[in-house]
Amino acid sequence: MGIYRETDDNLMVRFKLNESSGTSAADSSGNGRTGTLANFTNTTTCWVGGRRGGGLDFGQGSDDTCTFAFTDPGNFTTMMAFVRWDSDAGTSPRIIHLGNNMPPYQLMYFDATNKQLRFGLTFAGGAQWFRTASDTVDTDSVWRHLAVTYDASDYENNPIFYINGEVSATSLITRTSGARTSLTTNFGALGQVYNATNRGLDGVISDARVYNRILTQQEISRVANFREPETYTQSNFSDNFVINKKDQLSSQQYTRDDGTITVDEVPFSLGIKGPINLRGRRTAYKVTK
C-alpha cells in the first residue's frame with residue numbers, strides 16, 4: 001500500500017540535514033523540495049553533527065547557501081530551526097529566507113549588531129520588520145531552537161518569537177499597511193538570501209522547517225525539547241497484502257476491513273502475507289497488495 005511516515009499536511013519543507021557529503025539536502029516533508037548546496041568550498045566537511053540529527057555548516061564562506069523550490073505559504077507561517085551561531089560575520093545573516101532579496105518576503109534572520117532575532121515580510125505599503133525586544137542571541141556557538149509564527153491576514157498583527165520553546169517579547173521596527181504581498185519568486189534558501197552573497201550565516205543549521213499554519217507554543221516547545229510526537233499516515237488493505245521491505249519507523253497503524261485499527265509492535269519476517277488480523281510490531285514495513 002505505501003510507506004508509513006511522519007507527516008503534517010501543513011509542513012511545507014523540512015531539512016533534517018542528515019547527509020554526509022554531496023550537494024543535495026533531502027526534504028522530509030514529502031513535498032520533494034530538495035535543497036541544493038552552492039558556493040561551499042568543501043561539500044563533505046560542511047555536513048556536520050547537528051542539534052537534532054545532522055547539520056549544515058555555513059561557516060566556509062560568506063556566500064554559502066542551500067536553495068530550494070518553494071511556493072507561497074499564504075497568510076499563516078511558522079519558521080523554525082536549531083541554530084548554532086558562531087560569529088557575527090556578514091550583514092543580517094539569514095537562517096531561512098523565502099523569496100528574493102529585496103523587498104523581503106518571509107524570513108527569519110539575525111541582527112548581527114544587536115544580537116537579536118528578526119522577522120520581516122512585505123505588504124502592499126512596503127516591508128514590515130520585527131525583532132525580539134529584550135532577549136539576545138549571542139555568537140557563542142551554543143545551540144538554540146529559534147522559531148517565529150505570523151498571521152499576515154492583518155498587517156497590524158505582530159509575530160511571535162520563540163527561543164528554546166519559550167515566547168520572546170516582540171519589538172516593532174517598521175509598520176506598513178495594505179494586504180500581504182504574495183510570494184511570486186518560487187524559491188527559498190537556508191543560510192543566505194537566494195540571489196545575494198552578502199547575507200551569509202557563520203554557523204550551523206539543523207532541522208529547519210517551514211509550515212503554512214501557526215504552530216502553538218506547546219507544539220514548538222515539543223520540537224525544541226525533543227518531545228515531539230510522531231504521527232503517521234494510515235493505510236487500508238485486505239487479505240492479499242505482502243510485507244516486503246523494512247523501513248526504519250517507530251510504529252504503524254493499520255485499518256482492517258471492519259474499520260477497527262491495530263497498532264503493530266513486534267517484527268514480522270520479510271515477505272509475510274495476510275491474513276488481515278495483524279499483530280503489532282515496532283518496525284515499520286512497506287506494504288503492497
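The charged end of R94 sits over the ring of Y109, at 4.8 Å from the ring centre. A similar arrangement involves K115, whose charged end lies over the ring of W85, 5.6 Å from its centre. Keep in mind as you look around that this is a predicted model. The bullets below take you through the aromatic pairs, the nonpolar cores, one loop residue and the cysteines.

**Aromatic pairs**

- Searching the whole structure turns up eight aromatic pairs.
- One of them joins F40 and F58: the ring centres are 5.6 Å apart and the planes meet at 50°, so this pair is tilted. The planes would have to be under 30 degrees apart to count as stacked, or over 60 to count as edge-to-face.
- F40 belongs to the loop between β3 (35–38) and β4 (47–49), while F58 belongs to the loop between β5 (54–57) and β6 (65–69), so the pair ties together parts that are 18 residues apart in sequence.
- F40 is buried, with a relative accessible area of 11%, and F58 is buried too, at 1%.
- F119 and Y150 make another pair, with ring centres 5.5 Å apart and planes at 50°, so this pair is also tilted.
- Here the partners come from strands: F119 is in β10 (residues 116–123) and Y150 is in β12 (residues 143–151), so parts that are 31 residues apart in sequence are tied together.
- F119 counts as buried at 1% relative accessibility, and Y150 counts as buried at 1% as well.
- Have a look also at F15, F68 and F70, which form one aromatic cluster.

**Nonpolar cores**

- The largest nonpolar core holds 43 residues. Those with the most contacts inside this core are L56, I95, I96, F110, L190 and I205.
- Leaving out residues up to four places away in sequence, L56 touches L17, L37, F40, C46, W47, V48, C66, G203, V204 and I205. F40, from the tilted pair with F58, is thus among the residues that L56 touches.
- Apart from the largest core lies another one, made of eight residues, including Y162, Y211, L215 and V223.

**T43 in the β3–β4 loop**

- T43 is found in the loop between β3 and β4, the loop that also carries F40.
- With 27% relative accessibility, T43 counts as partly exposed; to be buried, a residue needs a value under 20%.
- Beyond its neighbours within four places in sequence, T43 is in contact with S21, G22 and T23.
- T43 and L56 are 13 residues apart along the chain, and their C-alpha atoms are separated by 9.8 Å.

**Cysteines**

- A search of the whole structure for disulfides finds zero.
- C46 takes part in no disulfide, and its nearest cysteine sulfur, in C66, is 9.4 Å away. Seen from the other side, the closest cysteine sulfur to that of C66 is the one in C46, and 9.4 Å is too far for a bond. For a disulfide, the two sulfur atoms would have to be within 2.5 Å.
- C46 counts as buried at 1% relative accessibility, and C66 counts as buried at 0%.
- Both cysteines are nevertheless linked to the story of the core, since L56 touches C46 and C66.

Terms used: Residues numbered from 1 in each chain as written. Predicted model: local features only at pLDDT ≥ 70, side-chain atom pairs only at ≥ 80, totals over all residues. Heavy atoms only, no water. Phe/Tyr/Trp six-rings, centres within 6.5 Å; stacked < 30°, edge-to-face > 60°. Helix = DSSP H or I, 4+ residues; strand = E, 2+ residues; numbered from the N terminus. Buried < 20%, exposed > 50% of the residue type's maximum accessible area, 1.4 Å probe, protein only. Lys NZ or Arg CZ within 6 Å of the ring centre and 35° of its normal. Core = buried A, V, L, I, M, F, W, Y, C linked by side-chain atoms within 4.5 Å. Contact = heavy atoms within 4.5 Å.
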